[in-house]
Amino acid sequence: MSRKASDNVEYTLRSLSNLMGEKRRRQADGSAGSGAAAGERSLIAAESCSSLNSAASGGELERAARRQFQQDETPGFVYVVSVFSALGGFLFGYDTGVVSGALLLLKRELNLDALWQELLVSSTVGAAALSALAGGVLNGLCGRRPCILLASGLFTAGSGVLAAARDKETLLAGRVVVGLGIGVASMTVPVYIAEVAPPHLRGRLVTINTLFITGGQFFASVVDGIFSYLAKDGWRYMLGLSAVPAVIQFLGFLFLPESPRWLIQKGQTQRARRILSQMRGNQAIDEEYDSIKNNIEEEEKEVGAAGPVICRMLTYPPTRRALIVGCGLQMFQQLSGINTVMYYSATILQMSGVEDDRLAIWLAALTAFINFVFTLVGVWLVERMGRRKLTLGSLTGTAVALIILASGFLLSAQVSPRITLNPTDPSHQNSTCTKYSYCNGCMLDPDCGLCYKLNKSSVVESSCIPVDKHSTMKAAWGRCSNESIFKKEDLFWAYNFCPTPYSWTALLGLILYLVFFAPGMGPMPWTVNSEIYPLWARSTGNACSSGVNWVFNVLVSLTFLHTAEYLTYYGAFFLYAGFAALGLVFIYGCLPETKGKKLEEIESLFENRLCTCGSTGAF
Ligand SMILES: O[C@H]1[C@H](O)[C@@H](O)[C@H](O)[C@@H](O)[C@H]1O
């Protein structure tokens, strides 16, 4: 740095600290009239900014100084608004997570077959995909606040219908309504938080939404655990409980404000100014307000306002690139298999030697807890490491963990115990279970399980028997058909897994997977999408990318069992590892760093050709 430049920097920092001292003094005096003070503050900000601009390392320094200037000034109101919005994330997590436990009870009480169970799970995710897409139009037309109110209204209505349902058709209707709420919330909440947050806190506050998603999933698994002991009507509590946070959010948002950025776009400038200054406390808002306003005007000049937003997005290169990056991130999040791993976690843990089947539901809670705690690590890291490094690091770890997980299944398959006994079915019914000579084939058949004894640690006297239709915890007939008797006789029943000495490898893979996935690949796709689109394209961009997330969520979960049947479990997890590796290449090449930038500055990051980020030397 030249002498002149460093003098300049020093001068700038000194004047800034003087200004801050001055400002604090004035606050303590409490003497300045608010109007005059605001005017002065604007001048101060303008002055500090213009001198900063002339500094040698201009942009970077300006941002650092601005951050310092603003750090302890963020009013609590921004946090309150963010937490109330993130209740949408909590409901998203709760309602997607709670259904597995509820189904265990429902299938017995309402005699649900496999198709209906599948319908009750996928209808919600399918409805979420559709409403996330429709949410783009609603957000653009009505604003963020009415959409959040609509989502919490849908959550409340849906949980009411579910709790009171008398038949499976009503249950299906309730699950669809809840799904519609999830879709709208999943695309609106991150956008709203990003628009009200100051730049230096934006990543952290939006990531809190994902923390609430994983928190909701964890809470759901605990509720599932508690109410699973209540065989009659336990599911009503499980499904109905989400009405509580939904009502709280609805009531809260009756009093919370609209996004100032949306208001400026709609020409409601007075209201926007008032809300912005409420969000920024005693800081000068003129600079931010002007930059948002100028940006909107420039965007309209550059891109025009005619035609559907999605067409304008696709024909304007920076937004087209942002859309590819946003949708790609969401696609790779789901293709890395998070929801399969979560869903399958109880079995993986059982494989590793946990024998008590009652524990299965609590083991799922443990997995959800690890996911939650490590999302918290993401909240802590996002403003330190930045989005790019965090996502790259997280996906690398996720890919390695998937390879370990897959190897665990592979090793287990290779030493899969032989089936030594072939007892005949007392009712002489035809079953596929008798055709398997190794446990591995028996475990992959959803209709069969392994009944065996242990001699030291090796499996002896093993047979592949049809599973009981009402409970996967016991066999339909024979030695393992009565839980209390077979446990006394030192017999074991394995459904969906094979007892092998390598099971711990899968357990290690599972834990590593969550530890790496949760801080980065879990939250970053949502966080990055909330900030990479210019205002005119933000609702549509987020609607599309959330839609992609939900569509791939359905695809991956629905195809898992078939994939496992064709490729076996280790094949399925190697496939996810392959997707994660592809995702790494994509993210390395295409994801720019958005940390600390104003939303209005981010568009410029997509001005260069797509996938040139890796060549700029930024990790
Ligand atoms: O970011 C979230 C989070 O990682 C959840 O745990 C997962 O279930 C969702 O599919 C994902 O979108």
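**Exercise 1.** Find which helix gives the most to the shell around the ligand.

*Solution.* Start with the residues around the ligand, meaning those with a heavy atom within 4 Å of it: T210, T214, Q217, Q333, Q334, N339, N371, F517, G522, W526, N549 and N553. Next, look at the helices (DSSP runs of H or I, at least four residues, numbered from the N terminus). At least two shell residues come from each of α9 (199–227), α16 (317–335) and α24 (535–590). The top contributor is α9, with three residues.

A word on the model: it is predicted, with local features needing pLDDT of at least 70 and side-chain atom pairs pLDDT 80 or more, while totals for chains, interfaces and linings use all residues. Numbering runs from 1 along each chain as its sequence is written, and side-chain values use heavy atoms, leaving out hydrogens and water.

**Exercise 2.** Work out which side chain has a polar atom 2.7 Å from a ligand oxygen, and how much of the ligand the protein covers.

*Solution.* Look for polar contacts (pairs of N or O atoms within 3.5 Å). The side chain at 2.7 Å belongs to N339. For N371, the distance from a side-chain N or O atom to a ligand oxygen is 3.0 Å, and for W526 it is 3.1 Å. Now the cover: on its own the ligand has 300 Å² of accessible area (Shrake-Rupley, 1.4 Å probe), and the protein covers 99% of it.

**Exercise 3.** Describe how α8 and α24 cross.

*Solution.* First, the axes (lines fitted to C-alpha atoms over the stretch in contact, with angles from 0 to 180 degrees between N-to-C directions) of α8 (residues 168–196) and α24 come within 9 Å and cross at roughly 140°. Angles under 35 degrees count as roughly parallel, over 145 as roughly antiparallel, 65 to 115 as roughly perpendicular and the rest as oblique, so α8 and α24 are oblique to each other.

Technical notes. A polar contact is a pair of N or O atoms within 3.5 Å; within protein, one must be able to donate a hydrogen and the other to accept it, and residues adjacent in sequence count only if both atoms are side-chain atoms. A crossing is left-handed if the near helix is turned anticlockwise from the far one by less than a right angle, and right-handed if clockwise.
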